[in-house]
Amino acid sequence: MAPAPASDVKTSSRTAAHSLARYREEFPIFRDKIYLNTCSLGALGERTRRKLAEFVDLWQSRGASAWYDVWWAALGDLRRRYGSLIGAAPEEIALAPSISVALSAVAEAVDYTRRPRVVVTSLDFPTVAYQWLAKRQRGVEVVVVESPDRVTVPVEAIARAVDHRTALVATSHVYFTSGAIQDIGAVAEVAHAKGALCLIDAYQSVGQVPLAVRATGADCVTAGGLKWLLGGPGIVFLYVREDLARRLAPAIAGWFGHKDQFAFEPRSLEWHDDARRFELGTPSLAAVYAQLGGLEYIEEIGVPAIRAVTTALTEDLVARARDLGLRPKVAPRAEDRSAIVLLPAADPAAAVRWLDAAGIIADARPGHVRLSPFFYNVQEDHVSALERLAAPGA
Ligand SMILES: Cc1ncc(COP(=O)(O)O)c(C=O)c1O
């Protein structure tokens, strides 16, 4: 996607705002803090808090009777809205409590007999590789494709690692390690060329970078509330391409995956016809409600508009960091960068404490401080963070 016009964030003024800055007042953390850590945890908005309160009120006033109308409907609503965010049908969406669980459900549905290999990259969040490292005793082999620059992984390198023994290529849309956006369409193509499936961890992209899953050709995609969807912990989705969802039979199960779950029949397990077969047990309704609240922001603004603003903020952050000699670790081309910027630091934990002491919330990753502006951030936020990082005592 093309970077936003430079006019979206005016670099001439230290306090220039953009069109989405009006949402900032709905995120009370900004009254006291400068929050630059959405890639760890999205800030809590008032709409999310209200939705959570709605759940608590229902629980208090109606107890279990709320299941049969409102809560059941809320689950369907969430599947539908997650789906429409990525251009998928509600039937292609399963709910799960974490990315790790969603990945496990897929990992347990793949037959490794003839294809014992799974290809991941060294930049993916390690929980991706763990799914298959845990199956080593069953003969599953994990092939890790290295990144030459610790920022991106050439698709040619992935292609070289995929062969007729590869069951699956599992990698990221946006790397948590560098913020670089991977061309997942190209990854799906190299996987499919050898008959392998393609699974994408899009936790660091959905909400900040537009994603139309069908156009990418990816078979399975997982993302969720914690970060860029402003829904907090405990709720994610798993997209499984429609025809595949009907074919795969997971080897882990729960009653939410049963076609007729209220028949309470222990003698047979008949899967849902769609992606719901990957669901296990009762979803955390508090997390579901929080996510419905967070989605109100994302849907109202739209991911392309968010991307336009965060691109302009990110490019300004990168340019200013370079001016200060901070050497940000980002993808070489602006269009491959997302709103995750890593700045090399000798002692990242100390640097994050130093920022925190000034009311600036950032994160540490090995060798780096990580800043991640979102639509509720303004240029002033990263200017303050960079000044603090460049100041004597940092
Ligand atoms: C890209 C990515 N995938 C997966 C995870 C971990 O997901 P979970 O804790 O839901 O399993 C993270 C970290 O929060 C992440 O950044």
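Which residues surround the ligand? The close-ups below answer this and then turn to the sheet. The model is predicted.

**View 1. Ten residues form the shell around the ligand, by class four nonpolar, four polar and two charged.** S98, I99 and S100 surround the ligand, together with F125 and T127. F176, D201, Y203, Q204 and K227 complete the list.

**View 2. Oxygen atoms of the ligand meet polar atoms of I99, S100 and K227.** I99 takes part through its backbone: a polar atom there is 2.8 Å from a ligand oxygen. S100 uses its side chain, with a polar atom 2.5 Å from an oxygen of the ligand. K227 also brings a side-chain N or O atom, 2.8 Å from a ligand oxygen. On its own, the ligand has 400 Å² of accessible area, and the protein covers 83% of that.

**View 3. Seven strands make up an open sheet with mixed pairing.** The order across the sheet is β2-β8-β7-β6-β5-β3-β4. Strands β2 (93–96) and β4 (141–145) are the edges, each pairing on one side only. On average, neighbouring strands are turned by 20° against each other, direction ignored.

**View 4. Strands β3 and β5 run parallel.** β3 covers residues 117–121, and β5 covers residues 166–172. Three bridges join these two strands. R117 has T166 in β5 as its bridge partner.

**View 5. Helix α6 packs on the sheet.** This helix spans residues 184–193 and touches β5 and β6. Strand β6 spans 197–201. The direction of α6 makes about 150° with that of β6.

Conventions. Residues are numbered from 1 along each chain as its sequence is written. This is a predicted model: local features need pLDDT of at least 70, side-chain atom pairs count only at pLDDT 80 or more; totals for chains, interfaces and linings use all residues. Side-chain values use heavy atoms; hydrogens and water are left out. Two strands pair if DSSP finds at least two bridges between them. Helices (H or I, at least four residues) and strands (E, at least two) are DSSP runs, numbered from the N terminus. Axes are lines fitted to C-alpha atoms, for helices over the stretch in contact, and angles run from 0 to 180 degrees between N-to-C directions. Contact means heavy atoms within 4.5 Å. A residue is near a molecule or strand if one of its heavy atoms lies within 4 Å of it. A polar contact is a pair of N or O atoms within 3.5 Å; within protein, one must be able to donate a hydrogen and the other to accept it, and residues adjacent in sequence count only if both atoms are side-chain atoms. Accessible areas come from the Shrake-Rupley method with a 1.4 Å probe; for residues, only the protein chains shown count as cover. Ala, Val, Leu, Ile, Met, Phe, Trp, Tyr, Cys and Pro count as nonpolar, Asp, Glu, Lys and Arg as charged, and the others, Gly among them, as polar.
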